[in-house]
Structure formats: C-alpha cells, structure tokens
Amino acid sequence: MFLQPAATEIDTNLRLILRRMNGTPTWLLLLLLSLCAVAWSVPVDRNGANQEPKEEVPEENMDTGLYYDRYLREVIEVLETDPHFREKLQTANTEDIKNGRLSKELDLVSHHVRTRLDELKRQEVSRLRMLLKAKLDSTNTQSLQMDHASLLKQFEHLDPHNQNTFEAKDLELLISTATKDLENYDAERHEEFKRYEMLKEHERREYLKGLDQEKREKEEKRMQELKEKHRQHPKVNAPGSVAQLREVWEETDGLDPQEFNPKTFFKLHDTNEDGVLDEQELEALFTKELEKVYDPKNEEDDMMEMEEERLRMREHVMKNVDTNKDRLVSLDEFLKSTEKKEFNNPKEWETLDTKPAYTEEELQRFEAELRDKEELKRRAETLRQEQELLKERKALEAQRREYQQAVLEMSQRQKEQPVVDGQPPAGPNGELQFQPESQKQEDKEAKAPAEHEAEVQNNLPAEPPQNLPIHT
C-alpha cells in the first residue's frame with residue numbers, strides 16, 4: 001500500500017527543512033534524522049583527548065522510509081548547487097514559505113538546474129507509473145485504458161497535472177508532504193513496536209502449547225526468571241533531568257559533576273554546531289541510561305525494546321523542552337527548561353517493563369488477524385496445488401489424444417498398403433487379428449496333404465509312354 005498523507009499547510013517544520021539546506025554537504029542527512037530519528041545515536045566521548053585522530057568516514061545517507069525518498073534527496077541536492085537559491089533559503093522566514101513567495105525563486109535558478117529538475121520529475125513520474133501498473137497487475141485489475149493523470153493524484157508529493165516540468169508548485173508539494181509524513185513516523189514506529197511485542201507473545205504461547213505439562217512448567221519458570229532478571233536494573237534517571245544530564249557530564253564528557261553548566265553542556269553536545277539540538281543529538285544523551293537496562297549479550301534484554309525506550313525518552317524531552325514545536329531544542333529553550341521544577345525534581349521514569357505495550361483485547365484481535373492470514377495462505381496453497389493438478393491432467397489428456405491419433409494414422413496406413421505374406425489379417429475396422437499358436441499348427445497340418453498331392457501331380461508326365469517293354 002502506498003503512503004498517502006493528507007495535504008496540510010506548510011508549518012514551521014518546513015522552515016527547518018529549508019534552513020537545513022544551508023551548511024555542510026550532508027545537511028540532508030541531518031535534516032532527515034532530525035525529523036524521524038531513524039538511526040542509533042552515538043554519544044560524544046570527551047575522554048579520548050590523547051588518542052590519535054581517526055580518519056573521517058563519510059556518512060551514509062539513510063533511507064527515511066518514504067516511498068519517494070530518493071526523489072526528495074535528489075531534488076534538494078540539485079537545488080543546493082544553485083548559489084542564488086541557497087542564498088534565498090538562508091534568509092527565508094516562515095511567512096515567505098506559507099505564502100509561496102520562496103517557491104517563486106525557483107524561476108531564477110540557472111538553466112541547467114531547471115533542466116536537471118525537469119529530468120528528475122519525469123523519472124519520478126515514470127517510476128510511479130510502474131508502481132501503479134505493478135499494483136494493478138497484482139490485484140488482477142484489467143484495464144484497457146489507464147488514466148495515469150487520475151491515478152497519479154494519490155501521490156501528493158508532486159503535481160500530477162504537469163508530468164514533464166518541475167515548477168514551484170512541485171517544490172511546495174514535495175516539502176510539505178515530506179514534512180507531514182515524517183511527523184507521522186514516530187506514531188508508526190510505536191505501532192510497529194506494539195505489533196512486534198504481540199507477535200512475540202503469540203509465538204511464546206504457541207511454543208508452550210506444543211510442550212507436555214512437565215516441560216511447559218519448566219519453561220514457564222525459566223521465562224519468568226529471565227523477566228525478573230531484566231527488571232533488576234539500576235534506577236533510570238528521567239531523561240532531561242539534572243540527574244540524567246549530570247551523569248552524562250561526568251561519565252561521557254569526563255567533567256566534574258560539581259561544575260555542571262547547562263550552557264556549556266549544550267554547546268558540547270551540539271555536535272554539528274548549528275545552534276540547536278536535533279533529535280539524534282538528544283537521543284545520544286540517553287545512551288548511558290539505556291545501558292543500565294539493556295545489554296545485547298543478555299538473553300533477557302531485547303534490543304528492539306531498547307530502541308522503543310530511546311524513542312520514548314526523546315519524545316518526553318521534546319514535549320517538555322521544545323516549546324515552539326519545531327522539533328529542535330534551541331539554547332534558549334534548553335536553558336529555560338533547567339529553571340523548571342521538573343528539572344530538579346522529576347517524576348520517576350517508568351521503563352517499558354513496568355506495563356505491557358498492549359491489552360489482552362488487542363492481542364486477541366492481533367491473533368485473529370494472524371489466523372485469517374494463515375487461512376488465506378492455506379487457501380492460496382490449495383489453489384496452487386489444484387492448478388498444478390489441473391496442468392498435469394491437461395498434459396495427460398494431451399498425451400492420450402496424441403496416442404489415439406497415432407493409432408488411427410497407423411490403421412489408415414495399413415488399409416492403404418497390400419497384404420504381405422505372413423502378416424496377420426486385418427479386421428473390419430482395420431485392427432490386426434492374431435491367432436493362437438495351436439490354431440496355426442492345425443491349419444498348417446491341414447494344408448500339408450493337399451500340398452503333397454499337388455506336388456505329386458505336378459511331377460507326373462503329361463502323357464503315358466508308348467511301346468515300353470513288358471517285364472515279367
């Protein structure tokens with residue numbers, strides 16, 4: 001199924017997208033990660049001052065999960081090459097974006113940039129047509145005439161009425177749609193995690209059902225012990241609290257906890273020095289807390305749960321600190337958060353193991369869906385087997401018809417050819433008539449005297465001899 005977000009007005013997140021275009025060549029990676037936080041974040045290690053500097057490894061662009069991810073990247077990379085457009089992006093404000101004024105600057109970009117954008121759009125339209133055709137083929141939808149313009153309307157990241165050139169409207173649609181889609185990414189991740197947990201519980205129950213009573217009780221005891229072992233972890237500080245930040249300051253940054261300074265802390269962890277903490281920079285701060293609960297070497301610790309916990313921590317901080325809801329934490333927002341009561345006296349953080357991610361009713365519905373899918377899969381397999389049998393029957397029937405045709409042709413040839421001595425006589429329908437050996441022997445004996453008499457008659461002279469002497 002294609003992702004079909006609803007079209008919305010471009011909000012402050014769009015400004016973030018455009019502002020990210022100014023800076024290093026890897027701005028797109030930072031933008032996409034700041035919007036959807038799709039990668040693990042690595043904390044900054046300040047203790048390795050005496051270590052030899054390592055060679056910089058170029059960052060790999062990570063897929064956002066959007067079905068138009070490549071198109072989005074290529075368009076922005078091309079726009080970034082135009083100096084005039086980059087300059088306008090640096091000075092653009094939210095109002096310029098909302099009223100479409102910035103998009104009009106697209107008319108002033110260089111000719112080769114516009115040509116390249118036109119080419120990218122035609123390639124994207126062609127790709128979407130192929131997706132539509134594949135989707136229709138998979139659903140066995142027969143259509144003699146496909147109205148591509150109408151079908152393309154379900155894709156909101158480009159103008160379907162103009163399929164050949166990249167215009168200002170295409171830029172507006174692309175950025176607004178990407179912003180909206182990426183905002184929904186966190187909710188989709190939560191839903192995927194819930195389904196993962198339900199599938200895990202379903203498989204656990206099915207596994208126990210297959211055991212006898214003694215083994216089942218033993219396995220249930222082992223699983224419960226692993227669960228209790230996982231819960232026995234050090235206290236987890238509330239993300240964004242003074243205790244949590246001081247711990248990072250001391251253990252990760254290697255600084256004296258008594259000299260903790262929020263402003264200095266902010267600058268230390270603004271790793272790209274753009275003046276804000278984006279989502280992956282925030283998630284890097286939670287690594288120490290997560291290590292208290294999860295260890296990849298332990299059987300009882302699930303790394304999928306760790307990533308869900310990381311996401312929950314980041315959302316918690318954003319909710320309390322990001323006052324303008326632009327999905328970035330500015331220095332001013334960060335400093336104001338340290339003045340709140342919750343900063344010094346936060347509520348105890350509840351980890352995922354304190355309550356299940358789903359209800360029993362949700363699990364039952366999920367299992368019903370699994371059963372329906374299994375039934376559909378079983379029916380599909382049955383149909384496949386029936387089709388194979390039908391093909392085999394058709395092949396056998398074709399062979400039978402070929403055999404009958406060959407016999408008919410042979411009989412016809414036998415009727416047309418003269419009878420050869422020693423060949424069995426033919427029946428009324430052209431079939432060969434064979435006689436048993438005893439009958440053949442009797443026929444042969446019956447014919448023998450007649451043949452001998454005929455031979456004697458043939459050996460006699462035609463007239464008796466004359467004047468032969470008489471012997472006494």
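Tutor: Helices are DSSP runs of H or I with at least four residues, strands are DSSP runs of E with at least two, and both are numbered from the N terminus. This is a predicted model, in which local features need pLDDT of at least 70, side-chain atom pairs count only at pLDDT 80 or more, and totals for chains, interfaces and linings use all residues. Residues are numbered from 1 along each chain as its sequence is written, and side-chain values use heavy atoms, with hydrogens and water left out. By the rule for runs, the protein has 19 helices and two strands.

Student: How do you know that Glu-119 forms a salt bridge with Arg-116?

Tutor: A salt bridge needs a side-chain nitrogen of Lys or Arg within 4 Å of a carboxyl oxygen of Asp or Glu. The closest N and O atoms of Glu-119 and Arg-116 are 3.3 Å apart, and the pair therefore meets the rule. Both residues lie in helix α6 (residues 111–138), where they are three residues apart, about one turn of the helix. In general, side chains of opposite charge can pair when their charged atoms come close. Applied to the whole model, the rule gives a count of 35 salt bridges.

Student: Why is Glu-119 called partly exposed?

Tutor: Buried means under 20% relative accessible area, exposed means over 50%, and partly exposed is in between, with a 1.4 Å probe and protein chains only. Glu-119 has 34% relative accessibility, so it counts as partly exposed. Arg-116, with a relative accessible area of 31%, is partly exposed as well. Over the 472 residues of the protein, 35% count as buried.

Student: What makes Glu-273 exposed, and where is this residue found?

Tutor: Glu-273 counts as exposed because its relative accessibility is 71%. The residue is found in the loop between α12 (262–269) and β1 (276–277). Its phi is near 55 degrees, a positive value in a residue other than glycine.

Student: What makes the pair of Arg-327 and Asp-186 a salt bridge?

Tutor: The N to O distance is 3.7 Å, so the two side chains satisfy the salt-bridge rule. This pair links distant parts of the chain, since Arg-327 is in the loop between α15 (303–321) and β2 (329–330) while Asp-186 is in helix α9, 141 residues apart. Both Arg-327 and Asp-186 are buried.

Student: How do you know that Arg-314 and Glu-279 meet in a salt bridge, and which helices hold them?

Tutor: The N to O distance between the side chains of Arg-314 and Glu-279 is 3.5 Å, which means that the rule is met. Arg-314 lies in helix α15 and Glu-279 in helix α13 (residues 279–284), so the pair ties together parts that are 35 residues apart in sequence. Arg-314 counts as buried because its relative accessibility is 1%, and Glu-279 is buried with a relative accessible area of 2%. Salt bridges that share partners join Asp-186, Glu-279, Glu-283, Arg-314 and Arg-327 into one network.

Student: Why are α9 and α10 called roughly antiparallel?

Tutor: Axes are lines fitted to C-alpha atoms, for helices over the stretch in contact, and angles run from 0 to 180 degrees between N-to-C directions. Angles under 35 degrees count as roughly parallel, over 145 as roughly antiparallel, 65 to 115 as roughly perpendicular, and the rest as oblique. The axes of helix α9 (residues 185–209) and helix α10 (residues 213–231) come within 9 Å and cross at roughly 150 degrees. The two helices are therefore roughly antiparallel to each other. Their contact (heavy atoms within 4.5 Å) is made by Arg-204, Tyr-207, Leu-208 and Lys-209 of α9 and by Arg-216, Glu-219, Glu-220 and Met-223 of α10.

Student: What makes Glu-219 buried, and which residues is it in contact with?

Tutor: Glu-219 is buried because its relative accessible area is 13%. Leaving aside neighbours within four places in sequence, Glu-219 is in contact with Tyr-207, Leu-208 and Leu-211. Glu-219 and Tyr-207 are twelve residues apart in sequence, and their C-alpha atoms are 9.8 Å apart in space.

Student: Why does Leu-173 count as partly exposed?

Tutor: Leu-173, which lies in helix α8 (residues 168–183), has 23% relative accessibility and therefore counts as partly exposed. Not counting residues up to four places away in sequence, Leu-173 touches Glu-156, His-157, Leu-158 and Asp-159. Leu-173 and Asp-159 are 14 residues apart in sequence and 7.4 Å apart in space, C-alpha to C-alpha.
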